[in-house]
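Visitor: I have some time to look around a structure today. Would you walk me through what is on display?
Guide: Gladly; here is what we will be looking at.

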Amino acid sequence: MGGAKCHWGAWALVGGLAFVLTAHSAMAAWQRDHAVMINSSESLPNWAFFVEKNASPKRGDYVFFMPPRTPLLLRHFGEDHGAFGKRVLGMPGDVVSHDGALVKVNGRPVARMKPLTKADEPLHAGPTGAVPQGCYYVGTDHKDGFDSRYAEIGFVCRHQLLGTGTPIL
């Protein structure tokens, strides 16, 4: 009788170990292709996102990307600024135009540019014309959003993208 208990206990231990190893392997695979990002700015309505790494964005998707290391960006956000999160408003081939301070994608208004940052530094109008292949026009509804409407960010291209996001909180 004592041997049977030990036998079942050993099987339970082996089963538990197999479960833990399988769960760890599944979590490692998920982590390779996903992340959780926290948004610390006011430019997006949500503060937590599941991010699918290396996903191809569609219009309207949230994307997370590494912005260019421009002097203005470094002054405002520091050396270790982390990723930016915005929405895809323009796809490759779409046409971006400016009508004064109004920014349009395919003739539809998407943003309004400001002449100065909150710290009174000049901002420069972002790119116009066709969005290049492999690049996106990204933005936000927030009036102080720092995005493709400004040359300091410009179009966001594939090599900058970390992935697409799904809001969770």
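Visitor: Let's start from the outside: what share of the exposed area do carbon and sulfur atoms supply?
Guide: Keep in mind that this is a predicted model. The chain exposes about 9900 Å². Of that area, the share supplied by carbon and sulfur atoms is 62%.

Visitor: And what percentage of the residues in the chain are buried?
Guide: The chain has 169 residues. A residue is called buried when its relative accessible area is under 20%. Buried residues make up 38%.

Visitor: In what order do the elements of the chain run?
Guide: There are two helices and eleven strands to place. Reading begins at the N terminus, and the order is α-β-β-β-α-β-β-β-β-β-β-β-β.

Visitor: How much of the contact between residues with a separation of 6 or more comes from those 24 or more positions apart?
Guide: A contact here means heavy atoms within 4.5 Å. Among the contacts in the chain with a separation of 6 or more, residues 24 or more positions apart account for 61%.

Visitor: Turning to the largest pocket, which elements each supply at least two residues of its lining?
Guide: The space in this pocket comes to about 640 Å³. Its lining has 28 residues, and the closest to the pocket centre are Ser 41, Phe 77, Phe 84, Lys 86 and Phe 146. As for elements that each give at least two lining residues, they are β1 (34-38), α2 (71-77) and β4 (84-90).

Visitor: How many residues of that lining are nonpolar, polar and charged?
Guide: For this split, Gly is counted among the polar residues. The lining of the largest pocket then divides into twelve nonpolar, ten polar and six charged.

Visitor: What is the handedness of the disulfide formed by Cys 135 and Cys 157?
Guide: The structure holds one disulfide, and the sulfur atoms of Cys 135 and Cys 157 sit 2.0 Å apart in it. Both cysteines are buried. The torsion about their S-S bond is about 90°, so this disulfide is right-handed.

Visitor: How far apart in sequence are the parts that this pair, Cys 135 and Cys 157, ties together?
Guide: Cys 135 belongs to strand β9 (residues 135-139), while Cys 157 belongs to strand β10 (residues 156-157). The disulfide therefore ties together parts whose separation in sequence is 22 residues.

Visitor: Is Phe 65 buried or exposed?
Guide: Phe 65 lies in strand β3 (residues 62-65). Leaving aside neighbours within four places in sequence, Phe 65 has contacts that include Ala 83, Phe 84, Val 138, Ile 153 and Leu 161. Its C-alpha is 5.3 Å from that of Ala 83, a residue 18 positions away along the chain. With a relative accessibility of 0%, Phe 65 counts as buried.

Visitor: Which residues is Gly 85 in contact with, leaving aside its neighbours within four places in sequence?
Guide: Gly 85 lies in strand β4, and its relative accessible area of 9% makes it buried. From Gly 85 to Leu 44 the C-alpha distance is 7.6 Å, though the two are 41 residues apart in sequence. Beyond its sequence neighbours, the contacts of Gly 85 are Ser 43, Leu 44, Val 63 and Phe 64.

Visitor: What is the C-alpha separation of Ala 111 and Leu 89?
Guide: Ala 111 is found in strand β7 and is buried, at a relative accessible area of 11%. Outside its neighbours within four places, Ala 111 is in contact with Ala 101, Leu 102, Val 103, Tyr 137 and Arg 149. Leu 89 is 22 residues from Ala 111 along the chain, and their C-alpha atoms are separated by 9.8 Å.

Visitor: What is the phi of Asn 54 near?
Guide: Most residues other than glycine have a negative phi. Asn 54 lies in the loop between β2 (48-53) and β3, and is exposed, with a relative accessible area of 61%. Its phi is positive, near 60°.

Visitor: Where along the chain is Asp 120 found?
Guide: Asp 120 has a positive phi too, near 65°. At 58% relative accessibility, Asp 120 counts as exposed. Its place is the loop between β7 (108-112) and β8 (129-130).

Technical notes:
Residues numbered from 1 in each chain as written. Predicted model: local features only at pLDDT ≥ 70, side-chain atom pairs only at ≥ 80, totals over all residues. Heavy atoms only, no water. 1 Å grid on protein atoms, 1.4 Å probe; cavity = no way out; pocket = protein on both sides within 12 Å on 5 of 7 lines; lining within 4 Å. Points joined across faces, edges and corners; volume = space filled by probe spheres on them. Helix = DSSP H or I, 4+ residues; strand = E, 2+ residues; numbered from the N terminus. Buried < 20%, exposed > 50% of the residue type's maximum accessible area, 1.4 Å probe, protein only. Areas by Shrake-Rupley, 256 points an atom, 1.4 Å probe, with all protein chains shown as cover. Disulfide = S-S within 2.5 Å.
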